[in-house]
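With the model open in a viewer, please follow the stops below in order, making each selection before reading what is found there.

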Amino acid sequence: MVRIFLAIAAILAGLAVAAGAFASHALRDKLSDRALEIFETASRYQMYHALALLLVAVLLTQVAIPSALLNTAGYAFLAGIVLFSGSLYALSLSGIKWLGAITPLGGVAFLIGWGCVAAAARSSKF
């Protein structure tokens, strides 16, 4: 899982940079200020959690930390990015308001991921 999480983290971080640049340059005159703010929030949280996934990959190389909790954290961060950032990207670009109802599910996934990282740290054998 280390290589997979590391590769996915790098791809998602790069895509977050690209999304931020896209918003700043290509979307600046096409979206309302509110829609642009939503898009930028999606990009920012994608980057935060791509870095969190990178942290999970690094922590998985440590034998003293429970890998099941870290694997769960990694999957939760991935789910959070798809649900949270994905729904915000779609909302800002389409204007379909009900997409905002999906966003909290991604937030819950992020919280689960961070909870698993905390539990893994607490259970570590350092």
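A salt bridge here is a side-chain nitrogen of Lys or Arg within 4 Å of a carboxyl oxygen of Asp or Glu. By this rule the count comes to 2 salt bridges, and both will be visited below, in what is a predicted model.

**The whole chain**

Begin with the protein chain displayed as a cartoon, where there are 4 helices and 0 strands, so that, by the DSSP assignment, the elements read α-α-α-α from the N terminus on. The C-alpha atoms fill a box of roughly 55 × 25 × 20 Å when this is taken along the principal axes. If you colour the 126 residues by accessibility, buried residues make up 41% of them, while the surface that the chain exposes comes to about 6900 Å², with carbon and sulfur atoms supplying 70% of that area. Among contacts between residues at least 6 apart in sequence, 74% join residues at least 24 apart.

**The salt bridges**

Next, select Glu-40 and Arg-28, which form a salt bridge whose closest N and O atoms are 3.7 Å apart. This pair links distant parts of the chain, since Glu-40 belongs to helix H2 and Arg-28 to the loop between H1 and H2, 12 residues apart. Glu-40 has a relative accessible area of 28% and is therefore partly exposed, and Arg-28, with a relative accessible area of 40%, is likewise partly exposed.

Then move to Glu-37 and Arg-34, a salt bridge in which the closest N and O atoms are 3.0 Å apart. Here both residues lie in helix H2, separated by 3 residues, or about one turn of the helix. Glu-37 counts as partly exposed because its relative accessible area is 43%.

**The aromatic pairs**

Now show the aromatic rings as sticks; the structure holds 8 aromatic pairs. Select Phe-22 and Phe-39, a tilted pair with 6.4 Å from centre to centre and 55° between the planes. Because Phe-22 lies in helix H1 (residues 2-25) and Phe-39 in helix H2, the pair ties together parts that are 17 residues apart in sequence. Are these two rings buried or exposed to some degree? Phe-22, at 42% relative accessibility, counts as partly exposed, whereas Phe-39 is buried, with a relative accessible area of 4%.

From there, go to Tyr-45 and Phe-84, which form another tilted pair, at 4.9 Å centre to centre with 45° between the planes. Tyr-45 is part of helix H2 and Phe-84 of helix H3, so this pair ties together parts that are 39 residues apart in sequence. Tyr-45 counts as partly exposed at 29% relative accessibility, while Phe-84, at 13%, counts as buried. Keep both rings displayed and add Tyr-48 and Phe-110, because, with ring centres within 6.5 Å as the criterion for a pair, ring pairs link Tyr-45, Tyr-48, Phe-84 and Phe-110 into a cluster.

**The nonpolar core**

Turn next to the interior, where the largest nonpolar core has 34 residues, and where Phe-5, Val-56 and Phe-77 are those with the most contacts inside it. The elements that give two or more residues to this core are H1, H2, H3 and helix H4 (103-123), and the largest share, 10 residues, comes from H2. To look at the packing around one of these residues, select Val-56 and leave aside residues up to four places away in sequence: Val-56 then touches Phe-5, Leu-70, Ala-73, Gly-74, Phe-77 and Val-117.

**A buried serine in H3**

Select Ser-87, which lies in helix H3 (residues 67-94). With a relative accessibility of 5%, against a limit of under 20% for buried residues, Ser-87 counts as buried. Again leaving out residues up to four places away in sequence, what does Ser-87 touch? Its contacts are Val-82, Leu-99, Ile-102 and Thr-103.

**The nonpolar surface patch**

Finally, switch to a surface view and select Leu-6, Leu-51, Leu-54 and Val-58, which form a nonpolar patch on the surface with about 320 Å² of accessible area together. Helix H2 (residues 33-59) provides the largest share of this patch, 3 residues. One of the patch residues, Leu-51, is found in helix H2, and Leu-51 counts as partly exposed because its relative accessibility is 46%.

Terms used. Residues are numbered from 1 along each chain as its sequence is written. This is a predicted model: local features need pLDDT of at least 70, side-chain atom pairs count only at pLDDT 80 or more; totals for chains, interfaces and linings use all residues. Side-chain values use heavy atoms; hydrogens and water are left out. Buried means under 20% relative accessible area, exposed over 50%, partly exposed in between (1.4 Å probe, protein chains only). Contact means heavy atoms within 4.5 Å. Patches are made of residues with over 30% relative accessible area and no salt bridge: like charges are joined within 9 Å, nonpolar side chains (Val, Leu, Ile, Met, Phe, Trp, Tyr) within 5 Å. Accessible areas come from the Shrake-Rupley method with a 1.4 Å probe; for residues, only the protein chains shown count as cover. Rings of Phe, Tyr and Trp (its six-membered ring) pair if their centres lie within 6.5 Å; planes under 30 degrees apart count as stacked, over 60 as edge-to-face and the rest as tilted. A nonpolar core is a set of buried Ala, Val, Leu, Ile, Met, Phe, Trp, Tyr and Cys residues joined through side-chain atoms within 4.5 Å.
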